[in-house]
Structure formats: C-alpha cells, structure tokens
Amino acid sequence: MQKNHLETGAAGEELAVDYLLKKDYLILERNWRCKHFEIDIIASLQNILVFVEVKTRKSIDFGYPEESISKIKMKRLKLAGTFYHYQNPKYKRIQFNVIAILLLPNKPASIEMFEDVYF
C-alpha cells in the first residue's frame with residue numbers, strides 16, 4: 001500500500017510541474033527539505049515566490065484531494081516557506097498555492113490550482 005501511495009504522489013507531482021510550466025512558472029525546487037519541513041514544489045512567477053502543496057487522489061471515497069490538507073500541514077508549509085524566503089530574500093512577495101489532482105480510472109487527470117491560499 002505504501003508503495004502505491006508514493007507512486008500516486010510522485011505521478012501527481014509530475015503532473016503539477018507540467019501544469020505550472022505551461023502557466024509560465026519557473027520551477028526552483030522540488031521536494032525541498034529542511035530539518036522536518038518539506039515543500040512539494042517551490043516556483044516563481046513574475047517575481048513572486050510560490051510554495052505549492054500537491055495533493056493527489058485516485059478516488060473521492062474519502063473526499064477531494066484539497067480537503068485532505070490539515071491546518072497543521074498548512075502551518076508547517078507556512079513555516080517552511082518563511083524559512084526558505086529568509087534564505088532567498090530577493091523575492092518581495094510570497095504566495096502559497098495548492099494543486100489538487102484527481103486520477104480517476106478511464107478519465108483524464110483533473111488538475112485544479114487554488115492560488116494564494118491563506119491560513
């Protein structure tokens with residue numbers, strides 16, 4: 001089960017990167033880690049530093065992908081983003097986005113981005 005979960009997540013992140021590239025984002029980091037923090041994708045768009053959390057599901061039995069992001073996860077993302085921004089101060093603005101990907105059998109992938117998510 002764990003391997004399938006990791007494969008689903010990796011496939012979702014690939015789709016998310018392709019999606020962002022098509023929207024003219026520059027991908028700066030993937031799976032950036034620092035201590036116990038991780039950010040799925042760090043990108044920039046028009047001098048905005050963008051931190052992206054990617055959630056991928058293969059069914060909606062337990063809800064839509066974006067519904068699975070807890071307040072604790074978003075708080076950790078914010079802390080990690082703040083730390084990364086401190087290390088990369090050239091960016092004046094930062095933004096947090098969520099990309100929700102649904103991979104249903106026999107259907108094209110559904111990709112939705114929620115921009116400028118606040119906590």
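Reader: Which residues touch the most other members of the largest nonpolar core?
Author: This is a predicted model. Its largest nonpolar core has 15 residues. Nonpolar side chains tend to be buried together in soluble globular proteins. Those that touch the most other members here are Trp 32, Ile 39, Ile 42, Leu 49, Phe 51, Leu 77 and Tyr 84.

Reader: Which element gives the most to this core?
Author: Strand 1 (26-34), strand 2 (37-45), strand 3 (48-57), helix 2 (71-87) and strand 4 (93-102) each give two or more residues to this core. The top contributor gives four residues, and that element is helix 2.

Reader: Which residues is Trp 32 in contact with, leaving aside its neighbours within four places in sequence?
Author: Trp 32 is one of the core residues that touch the most other members. Its contacts include Phe 37, Glu 38, Ile 39 and Ile 42. The rest of the list is Ala 80, Phe 83, Tyr 84 and Gln 87.

Reader: How many residues are in the second, separate core?
Author: Among the members of this second core are Ala 43, Ile 48, Val 50 and Val 52. The core is separate, and its count is 13 residues.

Reader: What is the order of the strands in the open sheet?
Author: The sheet has five strands, with mixed pairing. Strand 1 and strand 5 (110-114) each pair on one side only, as edge strands. From one strand to the next, the twist averages 30°. The order is 1-2-3-4-5.

Reader: Do strand 3 and strand 4 run parallel or antiparallel, and how many bridges join them?
Author: Strands of a sheet pair through backbone hydrogen bonds, in either direction. Thr 56 stands opposite Ile 101 in strand 4. Strand 3 and strand 4 run parallel, joined by 10 bridges.

Reader: Is Asn 97 buried or exposed?
Author: Asn 97 has its place in strand 4. Its relative accessible area is 0%. Buried means under 20%, so Asn 97 counts as buried.

Reader: What does the side chain of Asn 97 reach at 3.0 Å?
Author: One polar contact joins the side chains of Asn 97 and Gln 95, at 2.9 Å. Asn 97 is also in contact with residues including Tyr 25, Phe 51, Met 113 and Asp 116. At 3.0 Å, the Asn 97 side chain reaches the backbone nitrogen of Asp 116.

Reader: Which residue forms a salt bridge with Glu 14?
Author: The closest N and O atoms of this pair are 2.7 Å apart. The pair links distant parts of the chain, 16 residues apart: Glu 14 lies in helix 1 (residues 2-22), its partner in strand 1. Glu 14 is partly exposed at 40% relative accessible area, and the partner is partly exposed at 34%. That partner is Arg 30.

Reader: Why does Arg 33 count as exposed?
Author: Arg 33 meets Glu 38 in a salt bridge, at 3.5 Å from N to O. Glu 38 is partly exposed, with a relative accessible area of 27%. Exposed means over 50%, so Arg 33 counts as exposed because its relative accessibility is 55%.

Reader: Which residues do salt bridges that share partners join into one network?
Author: Lys 55 forms a salt bridge with Glu 53, with the closest N and O atoms 3.8 Å apart. Lys 55 is partly exposed at 23% relative accessibility, whereas Glu 53 is buried at 2%. The network joins Glu 53, Lys 55 and Lys 73.

Terms used: Residues are numbered from 1 along each chain as its sequence is written. This is a predicted model: local features need pLDDT of at least 70, side-chain atom pairs count only at pLDDT 80 or more; totals for chains, interfaces and linings use all residues. Side-chain values use heavy atoms; hydrogens and water are left out. A nonpolar core is a set of buried Ala, Val, Leu, Ile, Met, Phe, Trp, Tyr and Cys residues joined through side-chain atoms within 4.5 Å. Buried means under 20% relative accessible area, exposed over 50%, partly exposed in between (1.4 Å probe, protein chains only). Contact means heavy atoms within 4.5 Å. A polar contact is a pair of N or O atoms within 3.5 Å; within protein, one must be able to donate a hydrogen and the other to accept it, and residues adjacent in sequence count only if both atoms are side-chain atoms. Two strands pair if DSSP finds at least two bridges between them. Axes are lines fitted to C-alpha atoms, for helices over the stretch in contact, and angles run from 0 to 180 degrees between N-to-C directions. A salt bridge is a side-chain nitrogen of Lys or Arg within 4 Å of a carboxyl oxygen of Asp or Glu.
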